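The following exchange examines how contacts and linings are assigned in a structure. Each answer sets a value against its criterion.

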Amino acid sequence: MKGFRLAVAAALCVACTTGTPKYEGPVYLDPNADIEARIDDALSRMTLDEKIKIIHAQSKFSSAGVPRLGIPELWTTDGPHGIRTEVLWDEWEQAGWTNDSIVAFPALTALAATWNRDMSALYGKSIGEEARYREKDVLLGPGVNIYRTPLNGRNFEYMGEDPYLSGQMVVPYVQEVQKNGVAVCVKHYALNNEETYRHTTDVDLDDRALYEIYLPAFKAAVQEGGAWSIMGSYNLYRGQHVCYNKRLIMDILKGEWGFDGAVISDWGGVHETDAAVKNGLDLEFGTWTDGLTMGATNGYDAYFLAKPYRDGILNGTYTTKELDEKCRRVLRLIFRTAMNPDKPFGAINSEAHYAAARQIGGEGIVLLKNDGAVLPVAASARKILVVGENAVKMMTVGGGSSSLKVQHEISPLDGIRARAGKDVEVRYARGYVGDVSGSYNGVTSGQDLSESRSAQELIDEAVSLAKESDLVVFIGGLNKSNNQDCEGTDRLAMDLPYGQDAVISALAAATPNLVVSLISGNAVAMPWVDQVPAILQAWYLGSEAGNAFADVLFGDVNPSGKLPFTFPKKLSDSPAHQEGMTFPTRGKYFYQEGIYVGYRWFDEKEIEPLFAFGHGLSYTQFEYGEAKLDKTSMNENGTITLRVTVRNAGDRAGAEVVQLYIADAESSLPRPKKELKGFQKVYLAPGESAEVAFTIGADALSFYDPALPGWKAESGRFEALVGAASDDIRTQVAFELK
Ligand code: GLC
């Protein structure tokens with residue numbers, strides 16, 4: 001014992017002479033103290049080296065803790081649709097674990113298409129439990145970049161073209177994920193609206209478009225959702241990389257919005273130390289360290305916020321002011337997650353999660369067209385032909401960082417066969433060949449999609465079988481391959497790839513009982529739209545894809561999805577592809593269309609879309625009464641309540657998304673003809689009516705005025721338009737803002 005005392009005394013003596021901390025042993029900071037007190041306590045104990053270590057990565061997806069103080073490291077994981085497979089310490093390659101297969105939930109475009117805040121909450125709860133069970137602290141998602149062009153390779157990960165819809169649909173997801181003691185990392189903040197040159201595109205746009213279109217969903221995630229972290233995007237804004245862009249990070253996110261969480265760089269989004277120090281980047285991930293290879297093992301000390309920053313502090317270039325602020329935010333993130341004493345334990349691959357995936361998928365599928373009630377499948381149908389590669393191809397593998405290793409994925413063909421029952425013959429014809437590959441970072445689909453027959457032989461086979469079938473279900477669309485719906489690339493055209501149009505046209509000539517189902521995260525051109533009686537937009541639906549798809553096809557679920565973005569008739573109708581605009585964007589790029597994104601553009605230019613924002617049919621019909629207001633005018637601090645009755649006039653239960661748009665009759669600055677400012681989904685039995693009420697406040701009437709600068713609602717006349725789609729207004733009523 002005496003020897004031990006001497007040793008401790010010696011250690012203390014050494015400590016007091018060399019300035020290293022006195023021996024304290026593993027100090028477990030009081031887990032029940034309030035977080036800010038715990039931050040002050042930890043910060044007061046940490047050395048310079050310990051502070052530097054927690055503000056940058058230590059592996060591909062983790063950053064260091066403070067082992068000496070019992071502060072654990074922070075583990076992040078992709079992605080927005082499910083928990084990414086474990087990868088090797090320094091690599092993207094999967095680690096080959098056998099306990100990390102999970103549930104793939106539908107793509108966020110499908111979630112947005114439900115227009116149902118409850119589905120967003122269910123989604124966040126479910127994916128949050130899977131992240132917690134996999135012991136991850138930060139979920140790198142959801143993504144809410146605005147759908148500016150139909151060619152963006154990552155639109156499938158986002159929530160569409162409208163800032164209000166995206167904002168409303170992201171908040172419950174954020175809140176429910178974080179109830180698991182898992183932080184969301186809302187991405188990619190901001191203006192990351194294409195993939196090809198995402199690392200170098202230098203975006204500029206007018207402030208109205210910035211504040212009215214591209215920021216609101218992030219603002220809602222922060223201010224209403226309470227997001228604990230946010231991911232800086234790769235691109236530049238006005239000449240400065242966004243991960244440390246003074247205006248976006250310091251002035252707006254942390255200044256105007258009061259964001260108290262951590263800003264995490266996208267992987268490889270940091271290219272310098274000075275701006276990263278001064279402009280609010282809190283955690284640096286994914287930096288390609290030595291410049292000689294794409295990634296160097298143990299190159300983490302070379303990170304811009306590692307040794308270069310430490311040297312800058314030691315040589316007096318920097319004080320520890322910014323460092324302490326970064327550490328505060330990282331510690332706050334750790335205390336909210338890894339060291340959260342109240343966090344639950346989560347679950348993966350549970351029946352509840354599969355049920356959630358199936359329900360969200362079923363609610364997100366959009367019935368675009370159904371002439372002659374081709375759908376739902378007639379009870380008399382005895383021979384169903386399924387055509388198309390997307391009926392069988394796994395879609396959870398590929399597409400970039402959102403790729404997953406699932407416990408299972410039910411294909412549409414599997415789902416149809418399971419639902420059709422034994423007295424219905426379900427046959428399959430390939431129809432076309434898309435991409436026979438199926439692997440990503442070492443995760444393989446295990447499918448052999450090889451095909452030796454020619455395109456014409458495949459069409460001939462499908463057509464001959466179609467002629468003897470009661471119903472033909474074509475299942476095509478896009479996939480997760482390069483230049484399809486895939487990170488790092490954009491689409492090259494809006495047309496369906498792989499010669500699908502020829503197959504669809506041939507089938508339409510062969511049978512009147514044809515439904516075309518598109519599995520995609522983007523709008524596509526449909527030259528055959530007038531020849532096809534029924535069209536479903538089916539999205540990437542995840543592990544339960546086939547079951548959700550069959551639920552709608554057979555009518556077990558009455559489709560209630562609505563489009564979260566416009567389908568143009570042709571690419572040049574899109575505001576991002578108007579005359580004189582180039583795509584993909586390279587170098588400096590100005591968003592010429594300004595606030596006129598999506599339906600705002602189609603309304604302004606009076607261009608008829610192929611299918612409009614908010615469009616979606618049902619197997620029943622809904623009738624709208626007259627919209628009524630509780631008063632005819634309001635003042636800026638007041639509200640007006642709009643009530644409208646909706647009735648299910650058909651013979652089948654169903655759900656309708658009642659949409660409220662606001663039109664500003666006269667304004668000092670140009671405004672879109674109408675803007676989405678409310679929506680509610682109502683479930684109605686046959687013949688049932690419900691009254692839907694919207695409370696309209698000044699925020700629904702406001703626009704951003706750069707001259708103030710700020711938001712303002714101008715007095716004058718407004719119109720409230722209520723309908724089933726942006727191009728299907730059923731009733732409208734005017735009122736005054738005093
Ligand atoms: C990727 C993506 C981002 C992802 C991160 C980690 O490049 O842009 O969404 O979360 O890197 O995989």
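A polar contact is a pair of N or O atoms within 3.5 Å. The model discussed here is predicted.

Q: Why is the approach of lysine 187 to the ligand called a polar contact?
A: A polar side-chain atom of lysine 187 lies 2.9 Å from an oxygen atom of the ligand. The limit is 3.5 Å, so the pair qualifies as a polar contact.

Q: What makes the pair formed by arginine 198 and the ligand a polar contact?
A: An N or O atom in the side chain of arginine 198 is 3.3 Å from a ligand oxygen atom. This value also falls within 3.5 Å, and the pair therefore counts.

Q: How do you know that tyrosine 234 makes a polar contact with the ligand?
A: Between a polar side-chain atom of tyrosine 234 and an oxygen atom of the ligand the distance is 2.6 Å. Because the cut-off is 3.5 Å, the criterion is met. Taken alone, the ligand exposes 300 Å², of which the protein buries 97%.

Q: Why is Asp78 counted among the residues around the ligand?
A: Asp78 is one of the 15 residues around the ligand; a residue is included because one of its heavy atoms lies within 4 Å. By class, this shell has six nonpolar, two polar and seven charged residues.

Q: What makes Tyr164 a lining residue of the largest pocket?
A: Lining residues have an atom within 4 Å of a pocket point. Tyr164 belongs to the 28 residues of this lining and is among those nearest the pocket centre, so Tyr164 satisfies that condition. The pocket has a volume of about 720 Å³, and its lining draws at least three residues from each of domain 1 (52-336) and domain 3 (622-737).

Definitions and conventions. Residues numbered from 1 in each chain as written. Predicted model: local features only at pLDDT ≥ 70, side-chain atom pairs only at ≥ 80, totals over all residues. Heavy atoms only, no water. 1 Å grid on protein atoms, 1.4 Å probe; cavity = no way out; pocket = protein on both sides within 12 Å on 5 of 7 lines; lining within 4 Å. Points joined across faces, edges and corners; volume = space filled by probe spheres on them. Domains from an automatic or database assignment. Polar contact = N/O pair within 3.5 Å; in protein donor to acceptor, adjacent residues only side chain to side chain. Areas by Shrake-Rupley, 256 points an atom, 1.4 Å probe, with all protein chains shown as cover. Nonpolar A, V, L, I, M, F, W, Y, C, P; charged D, E, K, R; others polar.
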